[in-house]
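Work through the exercises below with the sequence and the structure in view. Try each task before reading its solution.

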Amino acid sequence: MRKLILMTLFAFIVLVGCSNDEAYNNAIQKGLDYVATEEYSKAESAFELALDEKKDDEKATVLLKQTIYYQEVIKAMEEGEYDLAKEKANAVIELDGGSAALVKKSEDAIASIKEFENKLTEVTKDYKNA
């Protein structure tokens, strides 16, 4: 009888552990799907859920930070705070083990800001010469 109880308890622990991994994996995948569809607040929630399943998980932590930083890039660009946008985009890029899509989007944001700054410099120079 005691052996049966121990075997049942062991099986339960194994099943709970598998369920935890499945929930974690689903949350990570959902978050990456949301990044792909540019639904960043939903991605943030999904990565937080993954961290609820696996506390201190490095991958989920990096993905969450990247997502938060990239949302700050978007907001800073909308508000014309280009130095802050570049700073946050660089923060996304510097994090290892995260989303390649967010890294690419951050690199594109930096390139767009530099292009805008170059055009602004050119227009300002033309204005002064006119």
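The exercises that follow deal with a predicted model and treat helix packing, a loop residue and salt bridges.

**Exercise 1. Helix packing**

Task: Determine how helix H2 and helix H3 are oriented to each other, and which residues make their contact.

Solution:
- Step 1. Locate the helices: H2 covers residues 40-53 and H3 covers residues 58-78.
- Step 2. Take the geometry. The two pack at an angle of about 160°, and their axes are 9 Å apart.
- Step 3. Apply the cut-off. Angles over 145 degrees count as roughly antiparallel, and H2 and H3 are therefore roughly antiparallel to each other.
- Step 4. Add the handedness: the crossing of H2 past H3 is left-handed.
- Step 5. List contact residues. H2 contributes, among them, Tyr-40, Ala-43, Phe-47 and Leu-51, while those from H3 include Leu-63, Leu-64, Ile-68 and Ile-74.
- Step 6. Sort the contact of H2 with H3 by class: it has eleven nonpolar, four polar and two charged residues.

**Exercise 2. A loop residue**

Task: Find where Asp-56 lies, decide whether Asp-56 is buried or exposed, and name its contacts beyond its sequence neighbours.

Solution:
- Step 1. Asp-56 sits in the loop between H2 and H3.
- Step 2. The relative accessible area of Asp-56 is 75%. The cut-off for exposed is over 50%, so Asp-56 is exposed.
- Step 3. With neighbours within four places in sequence set aside, Asp-56 is in contact with Leu-51 and Thr-61.

**Exercise 3. Salt bridges**

Task: State how many salt bridges the count gives, then place the pairs Glu-38 with Lys-105, Lys-88 with Glu-72, and Asp-108 with Lys-104.

Solution:
- Step 1. The count comes to eight salt bridges.
- Step 2. Glu-38 and Lys-105 meet through their side chains at 3.0 Å, N to O. Glu-38 is in the loop between H1 and H2 and Lys-105 is in H5, so this pair ties together parts 67 residues apart in sequence. Lys-105 has 18% relative accessibility and counts as buried.
- Step 3. Between Lys-88 and Glu-72, the closest N and O atoms are 3.0 Å apart. Lys-88 belongs to helix H4 and Glu-72 to helix H3, 16 residues apart. Glu-72, at 30% relative accessibility, counts as partly exposed.
- Step 4. For Asp-108 and Lys-104 the closest N and O atoms are 2.8 Å apart. Both residues lie in helix H5, four residues apart, about one turn of the helix. Asp-108 is partly exposed at 36%, and Lys-104 is partly exposed at 45%.
- Step 5. One network, joined by salt bridges that share partners, consists of Asp-83, Lys-86 and Glu-117.

Note on methods: Residues are numbered from 1 along each chain as its sequence is written. This is a predicted model: local features need pLDDT of at least 70, side-chain atom pairs count only at pLDDT 80 or more; totals for chains, interfaces and linings use all residues. Side-chain values use heavy atoms; hydrogens and water are left out. Axes are lines fitted to C-alpha atoms, for helices over the stretch in contact, and angles run from 0 to 180 degrees between N-to-C directions. Angles under 35 degrees count as roughly parallel, over 145 as roughly antiparallel, 65 to 115 as roughly perpendicular and the rest as oblique. A crossing is left-handed if the near helix is turned anticlockwise from the far one by less than a right angle, and right-handed if clockwise. Contact means heavy atoms within 4.5 Å. Ala, Val, Leu, Ile, Met, Phe, Trp, Tyr, Cys and Pro count as nonpolar, Asp, Glu, Lys and Arg as charged, and the others, Gly among them, as polar. Buried means under 20% relative accessible area, exposed over 50%, partly exposed in between (1.4 Å probe, protein chains only). A salt bridge is a side-chain nitrogen of Lys or Arg within 4 Å of a carboxyl oxygen of Asp or Glu.
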